[in-house]
Amino acid sequence: MRSSPKYSFFRVMIGGELVDVDIFQYSHKTTVVMSMLYYNQEQIIMASVTAPERKIAIKGAALLFQETQSDFLKRQILL
């Protein structure tokens, strides 16, 4: 039998920007997806991490999201 995840959704302000955080908790792992829509460029940046523990998944997704956002902003400056 397949297990269904426990789902949580949060919308948080980070540096003046709205970031959506989706958390999918299974019995043996947690997946965290962080995403943000840039309205002016009509683009979405997103980062996803799966880990055995919720805390590790949240920290990993936050770090990966910050790196992705930084890379995106650097590319926008160069254009």
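Two strands count as paired when DSSP finds at least two bridges between them, and in the predicted model shown here one such bridge sets M34 against its partner A47 in β4.

**Figure 1. Overview of the chain, with one helix and four strands.**
Followed from the N terminus, the elements of this predicted chain come in the order β-β-β-β-α. The C-alpha trace spans about 50 × 20 × 20 Å along its principal axes, and 29% of the 79 residues count as buried. The chain exposes about 5,900 Å², of which carbon and sulfur atoms supply 56%. Among contacts between residues at least 6 apart in sequence, 23% join residues that are at least 24 apart.

**Figure 2. The open sheet of four strands, in the order β1-β2-β3-β4.**
Strands of a sheet pair through backbone hydrogen bonds, in either a parallel or an antiparallel manner. In this open sheet the pairing is antiparallel. The edges are taken by β1 (6-14) and β4, each of which has a single partner strand, so one side of each is left without a neighbour in the sheet. From one strand to the next, the twist averages 15°.

**Figure 3. The hairpin of β1 and β2, with two residues between the strands.**
The strands β1 and β2 run antiparallel and are joined by nine bridges, and in this pairing K6 stands opposite Q25 in β2. Within the hairpin, G15 takes a positive phi near 60°. A search of the whole structure finds one salt bridge, and R11 forms a salt bridge with D20 in which the closest N and O atoms are 2.6 Å apart.

**Figure 4. The hairpin of β2 and β3, with four residues between the strands.**
Here β2 and β3 pair in the antiparallel sense over six bridges. D20, which takes part in a salt bridge with R11, stands opposite S35 in β3. Strand β3 itself is mostly covered, since eight of its nine residues are buried.

**Figure 5. Close-up of T30, a residue of strand β3 (residues 30-38).**
Is T30 buried or exposed in this model? With a relative accessible area of 2%, T30 is buried, because buried means under 20% relative accessible area. Across the pairing with β4, T30 stands opposite A51. When residues up to four places away in sequence are not counted, T30 touches I23, F24 and Q25, together with V49, T50, A51, E53, R54 and A57.

**Figure 6. The hairpin of β3 and β4, with four residues between the strands.**
Nine bridges join β3 to β4, and these two strands run antiparallel. One of the pairs in view is M34 with its bridge partner A47 in β4. Between the strands of this hairpin, E42 takes a positive phi near 55°.

**Figure 7. Close-up of Q41, in the loop between β3 and β4 (43-51).**
Q41 is partly exposed, with a relative accessible area of 34%. Leaving aside neighbours within four places in sequence, Q41 is in contact with F72 and Q76. How many ångströms separate the C-alpha atoms of Q41 and K29? Although Q41 and K29 are twelve residues apart along the chain, their C-alpha atoms are separated by 34 Å.

**Figure 8. A nonpolar surface patch made by L37, Y39, I44 and M46.**
The patch formed by these residues covers about 480 Å². One of its members, L37, lies in strand β3. L37 is partly exposed, with a relative accessible area of 37%, whereas eight of the nine residues of β3 are buried.

**Figure 9. Helix α1 (residues 54-78) against the sheet strands.**
Helix α1 lies across β1, β2 (17-25), β3 and β4, and runs at about 155° to β4. Two of the residues seen in earlier views can be followed here as well. T30, which is buried, touches residues including R54 and A57. Q41, which is partly exposed, is in contact with F72 and Q76.

Conventions. Residues numbered from 1 in each chain as written. Predicted model: local features only at pLDDT ≥ 70, side-chain atom pairs only at ≥ 80, totals over all residues. Heavy atoms only, no water. Buried < 20%, exposed > 50% of the residue type's maximum accessible area, 1.4 Å probe, protein only. Contact = heavy atoms within 4.5 Å. Patch = residues over 30% accessible without salt bridge, like charges linked within 9 Å, V, L, I, M, F, W, Y side chains within 5 Å. Areas by Shrake-Rupley, 256 points an atom, 1.4 Å probe, with all protein chains shown as cover. Salt bridge = Lys/Arg side-chain N within 4 Å of Asp/Glu carboxyl O. Axes fitted to C-alpha atoms, helices over the stretch in contact; angles between N-to-C directions.
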